[in-house]
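I opened a fresh notebook page for this one. Here is what I looked up, entry by entry.

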Amino acid sequence: MLRKLLLLTNLVFLFRLFGDAHILLYHRFGDPRYPTTNTSLEQLRKDFTYLKKHHYKIIPLQKLVKALKNHKPIDPKWVVITIDDGFKSLLQAMPLFKEFRYPFTLFISTKPIQNGYPDFLRWEDVKKIAQFAEIGLHSHAHPHLTDLSDEEIVQDTKKALMLYKKNLHTQPQSYAYPYGEYDDRVKKILQSFHFALCNQNLGAVSAKSSIYNLDRIALVGKSNLKQALGLQYLPTQWIEPKAYPKDRILRRVKAKIEPKYKSALLYVTGYGWRDIKVKNGLIDEKIGLKLTKRRVRVIIKVKHSKINTKILVRSRYGVK
Ligand SMILES: [Zn+2]
């Protein structure tokens, strides 16, 4: 009996050791005018009830960032909730967040708030929400960052910082890219402001994740939380492509993953999944696909739903 119990404890321990944390992303609540970014209040309650029933611990983003910075273990029951854009519809969902006592990070773009666009929160609302949640930055004017020059990115960020500080009397600790779009150049500039950086790539967060490249799971409509929370982080060294190919032909995908994997699945936006081989941890796949979208995700997935994403965004600037 005791032996069985010990074995069980070990198994639980192992399971806990190998799990990853997850960052969820919402946009609008109870606003059916925008089905591609909306979550109904009924669905949000379903999501929260699921999280509670399965003993997930909803923690502030900064707790996860701190653990990563200090190389502390990541609790696989940790879930971070983030909300992008600062739409007014959040006010309808606030009672639910308070009822469940779930903290969250609200990423705001300062321009629509400052200009009083009707669909967006006002500074008074943001100040009240700030008593309960972390307020992160989501740029000033919500631009496609990869299409801006270095100077323009810095200017947009400085404007956002100025308005943030003026209204909230503090410094933001985190930043989420508008449209989830970035490349190495954009990332480097925002990293110089010392923000933790959130992307919009499907995935999980492990102790090996970088605070400058945090994957988030976007939930819209009827979400499949169970599946989303089953995703794990696959440590990956991307070798090729480094950026969106100028001639729009994705010739080759080359990356290093852990050598224990012998096969993997590869996803390219517009082309779906395909089986690929892995030799001694090296993926080297000649594909030659014409990219049709300006934003393309290349995803590597191995067993146990371990995934890693490389986003490619067509840009007038950046890497040659
Ligand atoms: Zn946004």
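**Entry 1: burial, and strand 5.** Before looking at burial I wrote down the cut-off: a residue is buried if 20 or more other C-beta atoms lie within 10 Å of its own. I then asked how many residues of strand 5 are buried. Seven of the eight residues in strand 5 (residues 78-85) are, so this strand is largely enclosed by the rest of the structure. Over the whole protein, buried residues come to 38% of the 320.

**Entry 2: how far to trust the model.** I reminded myself that this is a predicted model. Its average pLDDT is 93, and 93% of the residues score at least 70. Residues 12-16 are where I slowed down, since pLDDT stays under 50 there. For that stretch the model has one contact beyond four places in sequence. Where pLDDT is low, the predicted coordinates should not be read in detail.

**Entry 3: overall dimensions.** I checked the radius of gyration against the globule rule. A compact globule with 320 residues would have a value near 20 Å, and the protein has 20 Å, which agrees. Along the principal axes, the C-alpha atoms fill a box of roughly 65 × 55 × 40 Å. I listed nine helices and 18 strands. Looking at contacts between residues at least 6 apart in sequence, I noted that 65% join residues at least 24 apart.

**Entry 4: partners of strand 5.** Which strands pair with strand 5, and in what sense? Strand 1 (residues 22-26) pairs with strand 5 in the parallel sense over five bridges, and L25 stands opposite T82. Strand 4 (residues 57-58) is also parallel to strand 5, over two bridges, with K57 opposite W78. Strand 6 (residues 105-108) runs parallel to strand 5 too, joined by four bridges. There T82 turns up again, with T105 as its bridge partner in strand 6. As a reminder to myself, strands of a sheet pair through backbone hydrogen bonds.

**Entry 5: two domains.** The protein is divided into domain 1 (2-230) and domain 2 (237-313). I noted 26 Å between their C-alpha centres. At the boundary, ten residues of domain 1 are in contact with nine residues of domain 2.

**Entry 6: the largest nonpolar core.** I looked up which of its 75 residues touch the most other members, and found I23, L24, V80, L106 and V205. Strand 17 (residues 295-302) gives the most to this core, with five residues. Both domains take part, as the core draws at least three residues from each of domain 1 and domain 2. I followed V205 a little further, leaving out residues up to four places away in sequence. Its contacts include I23, L64, I74, L214 and Y233.

**Entry 7: the open sheet around strand 17.** In what order do the five strands of the open sheet lie? The order is 11-18-17-14-15, and the pairing is mixed. Strand 11 (232-233) and strand 15 (272-277) stand at the edges with a single partner strand each, so one side of each is left without a neighbour in the sheet. Strand 14 (residues 263-268) and strand 17 pair in the antiparallel sense, over four bridges. Within that pairing I found V268 matched with V298 of strand 17 as its bridge partner.

Definitions and conventions: Residues are numbered from 1 along each chain as its sequence is written. This is a predicted model: local features need pLDDT of at least 70, side-chain atom pairs count only at pLDDT 80 or more; totals for chains, interfaces and linings use all residues. The radius of gyration is taken over C-alpha atoms; the globule rule is 2.2 Å times the number of residues to the power 0.38. A residue is buried if 20 or more other C-beta atoms lie within 10 Å of its own, exposed if 12 or fewer, and partly exposed in between; C-beta atoms are placed from the backbone. Two residues are in contact if their C-beta atoms, placed from the backbone, lie within 7 Å. pLDDT is the predictor's confidence in each residue, from 0 to 100. A nonpolar core is a set of buried Ala, Val, Leu, Ile, Met, Phe, Trp, Tyr and Cys residues joined through C-beta atoms within 7 Å. Domain bounds come from an automatic or database domain assignment. Two strands pair if DSSP finds at least two bridges between them.
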